[in-house]
Amino acid sequence: MSDQQKSQVSAATPTAKVGAVYEPTEYVRQQSWIDSMAVYEDLYKQSITDPEKFWGEQAQQFLHWEEPWSEVLDWSFGDDLHINWFKGGKTNVSYNCIDRHLHDGRRNKAALIWESDERRSKVYTYQSLYTRVCRLANVLKSHGVGKGDVVAIYLPMVPELAFAMLACARIGAIHAIVFSGFSAQALRDRIQASGAKVLITADNGMRGGRLNPIKAQADEALLECPEVEKVIVVSRTQQQVNMEPGRDVYYHEEVARKDISRHCEVEWMDADDPLFILYTSGSTGKPKGIVHSTAGYLLGASMTSKYVFDLHDDDVYFCTADIGWVTGHSYIVYGPLSQGATSVMFEGIPTYPDAGRLWDIVERHGVNQLYMAPTAIRSLMRSGNEFPATYDLSSLRILGSVGEPINPAAWEWYYHEIGHERCSIVDTWWQTETGAHMITNLPGITPMKPSSATLPFFGVQPIVMGEDHKEVPVGEDGRLCIKFPWPSMVRHLWDDPGNARFKETYFSTFPGLYFSGDAAMVDEDGYFWLKGRVDDVINVSGHRIGTAEVEASLNSTAGVAESAVVGFPHEIKGEGIYAYIVMKHGVEAGPELSQRLAGAVRRNIGPIAKPDVIHVVNELPKTRSGKIMRRILRKIAAGITDKEQFGDLSTLVDESVVDEIIETRPNK
Ligand code: PRX
């Protein structure tokens, strides 16, 4: 968070105690797996002094291995960039998440509790998960899907989404999930980039009482994806939708086919074989296909699930994320299920039918761990304390936060009104690329400082670097990097010959280090304070949006010459999207411009990327070398109009451009 953002937050929230430290309660500590800071410190030390020994032991403890590995780690963050964990070892993610629980006393335990938008719930035991996943895996096989093939998945939050992931993992197929809020064009781009030949989708989605016509979107995307031979359609709303003869089949009919067995042998995979691709935004226009591995990824997701959420066998765990994002991959499906936990999967939104929805779920299912994003916390906080006060939240023990820095006011509200001052709040910093939590407190033991993600998880070696390529001193802002590989890290980018883009994006800014793209500061206690992205990525409601993608959509609108998109502090979303637009010479902006621009973004990306502010300007501030000076645009978007605070403007071609932008700034 910038200083500007911080001052806005604290000005708006006088109750926030900046700098407060909260000791965890005995209520949480007494049952936490890691039960003292001394144990944490000792294990952390072991994890970085002899990582191979440490990770070898963890891999034995957390995963089933069909064949042992010969080498724990082989790596280089240099020219010869490569990261291999557990070489030679063979395992299977579906086996680890399902089969082993059929024999460890959890066969009849709830694996998934699905809560529908309409407030119905369905429970799937590990045994029923096994049958459903095996049947679907056999269906996929019958359509020619095998090891190494990519299956695109464009589904709302229905249980079949989890079944589909595990079915792919079972047969060694690589899933590429596309968030169901993405548009047809975004889906098309991701299907084309992934090379998928099969798509699993639904007739419609249901969220907040509204129908999302998923199949119609998929049909539009598929017009330009001739390689997709089969489309498996989940019937969520049982409504008539277009079904292409020969291509489209219904999920429920397929899994009920007479020739489909309810058993399916797992495909034993190499430790580093890809488990999934997940596209995420970066600094340039094209989304990056993050490739996660089989064993290392699962080890990270599983181990953090156990220790950070302190999962115990009787617990009911609830992560409110959508599986279309990495949080749902790691912390609705893979992490909790590999731990044999009960994971709640929620189809709807926190404010439907009213702002008590999540608390109602906590009460009805007796949720012990709740994991959500600050943006949702802020919006529920705004709805008033009467909603949580109406429900029995006494089952809660651990409250998680993810996706963006949590401002102190939201933290305090979560702690007092939801956790009743008994729960630990775990502020988990991580990324699509890291696969699992990296910097986080551990429940019951780490003293909490609101807004700090606190300390590194086992094996994680963060370092905050200055522009001079030296580690910054305590208390100073710098860029967050990681020195040493961790098992759940991204292995490579999909379709990136020679690792060119992989190297350039993560390993070139600070040679020899993984660069996260985030700003951070370490305080005198070694606590990490995350300060937001330093690249051209905006974090809107905890979702990563690349400014280049939004600009490409805006520039495709008739009459637009060019645009520049930046983030600005937004009370609920964390960051909002501010778009500067330059019209083509002689073209009037016109009253309907905002709608046309919003429509273009909606079509190209999806509603989440719609600009909050449109500002039509005559020119963008450019340097003599033709680069847009974004730092000025960010300041103006944040409401800073005093040029004294803009820094050096001497490289600008024409400084009066800046004056014009300040003068024409719309009232937000
Ligand atoms: O800027 C950081 C922010 O979210 C980015 C990663 O986004 P994504 O890959 O979509 O993954 C989101 C879920 C892990 C990071 O670069 N971020 C995530 N968690 C936190 C955070 N910023 C501050 N504190 C966090 N706890």
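**Exercises on a pocket and a ligand site**

In this predicted model, the lining of the second largest pocket comprises eight nonpolar, four polar and six charged residues.

**Exercise 1.** Determine the volume of the second largest pocket, the lining residues closest to its centre, and the elements that give two or more residues to its lining.

*Solution.*
1. The volume of the second largest pocket is about 390 Å³.
2. Its lining consists of 18 residues, of which Lys122, Arg132, Glu160, Tyr251 and His252 are the closest to the centre.
3. Two or more lining residues come from each of the strand β5 (121-125) and the helices α6 (126-142), α7 (159-171) and α10 (251-255).

**Exercise 2.** Identify which residues come nearest to the ligand, and examine the side-chain contacts of Thr432, Asp518 and Arg544 with ligand oxygen atoms.

*Solution.*
1. The ligand is surrounded by 17 residues; those that come nearest are Asp427, Thr428, Thr432, Arg533 and Arg544.
2. For Thr432, a polar side-chain atom lies 2.5 Å from an oxygen atom of the ligand.
3. For Asp518, an N or O atom of the side chain is 2.9 Å from a ligand oxygen atom.
4. For Arg544, the corresponding distance from a side-chain N or O atom to a ligand oxygen atom is 2.8 Å.
5. Each of these pairs satisfies the polar-contact cut-off of 3.5 Å.

**Exercise 3.** How much of the area that the ligand exposes when taken alone does the protein bury, and what makes up the surrounding shell?

*Solution.*
1. Taken alone, the ligand exposes 540 Å², and the protein buries 97% of that area.
2. The elements α12 (326-338), β20 (424-428) and β25 (528-533) each give two or more residues to the shell.
3. By class, the shell holds six nonpolar, six polar and five charged residues.

Terms used:
Residues are numbered from 1 along each chain as its sequence is written. This is a predicted model: local features need pLDDT of at least 70, side-chain atom pairs count only at pLDDT 80 or more; totals for chains, interfaces and linings use all residues. Side-chain values use heavy atoms; hydrogens and water are left out. A residue is near a molecule or strand if one of its heavy atoms lies within 4 Å of it. A polar contact is a pair of N or O atoms within 3.5 Å; within protein, one must be able to donate a hydrogen and the other to accept it, and residues adjacent in sequence count only if both atoms are side-chain atoms. Accessible areas come from the Shrake-Rupley method with a 1.4 Å probe; for residues, only the protein chains shown count as cover. Helices (H or I, at least four residues) and strands (E, at least two) are DSSP runs, numbered from the N terminus. Ala, Val, Leu, Ile, Met, Phe, Trp, Tyr, Cys and Pro count as nonpolar, Asp, Glu, Lys and Arg as charged, and the others, Gly among them, as polar. On a 1 Å grid over the protein atoms alone, a cavity is a set of points where a 1.4 Å probe fits but cannot get out, and a pocket is an open set with protein on both sides within 12 Å along at least five of seven lines; lining residues have an atom within 4 Å of a point. Grid points are joined across faces, edges and corners, and a volume is the space filled by probe spheres set on the points.
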